[in-house]
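Me: Could you take a close look at one part of this model for me, the core and what packs around it? I work with coordinates every day, so please keep the cut-offs in.

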Amino acid sequence: MACAGAAAWLMGDWDSGARRARLLCAGGGVVTAGPPSWQRALGGWRRVRGRLRAEGWSLVAGLVLALLGASVVPLLLGAAGVPLLRRVRRAGEARRERERRGDAVIALCSALAGEVRAGRQPGEALLRAARDAGGLGEARSVVLAAAKFGGDVPGALTDAARQPGADGLAGLSACWRVAVDRGAGLAAGLDRLEGALRAERDQRDDLRAQLAGARSTAVMLAGLPVLGLLLGTALGADPLHVLLRTGAGLGCLLVGGVLESVGLWWALRIVRGAEEA
């Protein structure tokens, strides 16, 4: 830490000295200095990290370990981890897309209630509210077409509710049927629907925050063997040679990897089960 701090201080001092030299040579003119070197290096690292996805880092880690341990086993394990990490990444993207669609449904209910209170007819109010609502994806175009050309708006909302995260549109369809067919107040039903959707989202976020500790603990415990390898390397035991170049080490690596994977999967499965419940 002391060496890293000294290096950062020296880089900052060198940048400031270079800026002073440029100012003196410019004779008091305006000199446009670029960002410090550490900021340029950080920007380059961020660009590389943005281009490499999670599965790409698996291959990079396998290649580095293969070079350090002089064995092809880490490279094969890194290649085997590519489809698994890709599946995890896509599941996370799908979950975020589902949450964005749910937030868009809540915003649509709020905007539609405001348009109805402003005195507009339900069809015109839905056109205005859906036109400004982003994040609905294909559901937005379907609902807009039904509202614009006098189609079956409740049916379009019910069909759009089949998309992940857009199940709140089924409640909007029910409110629309009751309001149009029986003359009930649409704004009041939308307010209740919006409140219910917001309460459900807040409850889900609160539960996820409570389970974040359990998930972090499982991941931290799964990373303890890596810390053991680093400590063994620091003590001069050369654990990579033992694990990758000897029969007993390969057996320990196989058994330990299987137990580690099963334990992490089981712990995360418990957390996911609590979230889904």
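Reply: Happy to: I will set the scene, go through the core and its helix packing, and finish with some local details.

Please keep in mind that this is a predicted model, where local features need pLDDT of at least 70 and side-chain atom pairs count only at pLDDT 80 or more, while totals for chains, interfaces and linings use all residues. Numbering starts from 1 along each chain as its sequence is written, and side-chain values use heavy atoms, with hydrogens and water left out.

The protein chain has 12 helices and zero strands; here helices (H or I, at least four residues) and strands (E, at least two) are DSSP runs, numbered from the N terminus. Of its 277 residues, 26% count as buried, where buried means under 20% relative accessible area, exposed over 50% and partly exposed in between, using a 1.4 Å probe and protein chains only. A contact is a pair of residues with heavy atoms within 4.5 Å. Among the contacts in the protein chain with a separation of 6 or more, 53% join residues 24 or more positions apart.

Now to the core itself. A nonpolar core is a set of buried Ala, Val, Leu, Ile, Met, Phe, Trp, Tyr and Cys residues joined through side-chain atoms within 4.5 Å. The largest one has 32 residues, and Leu112, Leu126, Leu169, Leu172 and Leu186 have the most contacts inside it. Two or more residues each come from α4, α5 (122-132), α6 (138-148), α7 (153-160), α8 (168-182) and α9 (186-222). α4 gives the largest share, with seven residues.

Two of those well-connected leucines deserve a visit. Leucine 169 sits in helix α8 and, at 1% relative accessibility, counts as buried. Its C-alpha atom is 6.7 Å from that of valine 105, although the two are 64 residues apart along the chain. Leucine 186, leaving aside neighbours within four places in sequence, touches Val116, Pro122, Cys175, Trp176 and Ala179.

Valine 105 also leads to glycine 165, which is placed in the loop between α7 and α8. Not counting residues up to four places away in sequence, glycine 165 is in contact with Arg98, Arg101, Gly102 and Val105. Between glycine 165 and alanine 94, 71 residues apart along the chain, the C-alpha separation is 9.8 Å.

How does α4 pack against α9? Their axes are 9 Å apart, at an angle of about 155 degrees. That makes the pair roughly antiparallel. Axes here are lines fitted to C-alpha atoms, for helices over the stretch in contact, and angles run from 0 to 180 degrees between N-to-C directions. Under 35 degrees counts as roughly parallel, over 145 as roughly antiparallel, 65 to 115 as roughly perpendicular, and the rest as oblique. The α4 and α9 crossing is left-handed, a label used if the near helix is turned anticlockwise from the far one by less than a right angle, with right-handed for clockwise. The α4 side of the contact includes Val105, Ile106, Leu112 and Val116, and the α9 side includes Leu186, Leu190, Leu193 and Leu197. Charged residues take part as well, among them Arg95, Glu99 and Asp103 in α4 and Asp191, Glu194 and Arg198 in α9.

α4 (73-117) has another partner in α3 (54-69). The axes of α3 and α4 come within 7 Å and cross at roughly 165 degrees, which means that these two are roughly antiparallel. This crossing is right-handed. Among the residues that meet are Ser58, Leu59, Gly62 and Leu63 in α3 and Gly78, Ala79, Gly81 and Val82 in α4.

The loop between α3 and α4 holds alanine 70. Alanine 70 is not a glycine, yet its phi is positive, about 50 degrees, and with 51% relative accessibility it counts as exposed. Aspartate 238 also has a positive phi, near 55 degrees. Aspartate 238 lies in the loop between α10 (224-234) and α11 (239-245) and is partly exposed at 43%.

Last, a search of the whole structure finds one aromatic pair. Tryptophan 265 and tryptophan 266 have ring centres 6.0 Å apart and planes at 50 degrees, so the pair is tilted. Rings of Phe, Tyr and Trp (its six-membered ring) pair if their centres lie within 6.5 Å, with planes under 30 degrees apart stacked, over 60 edge-to-face and the rest tilted. Tryptophan 265 is partly exposed at 47%, and tryptophan 266 is partly exposed at 46%.
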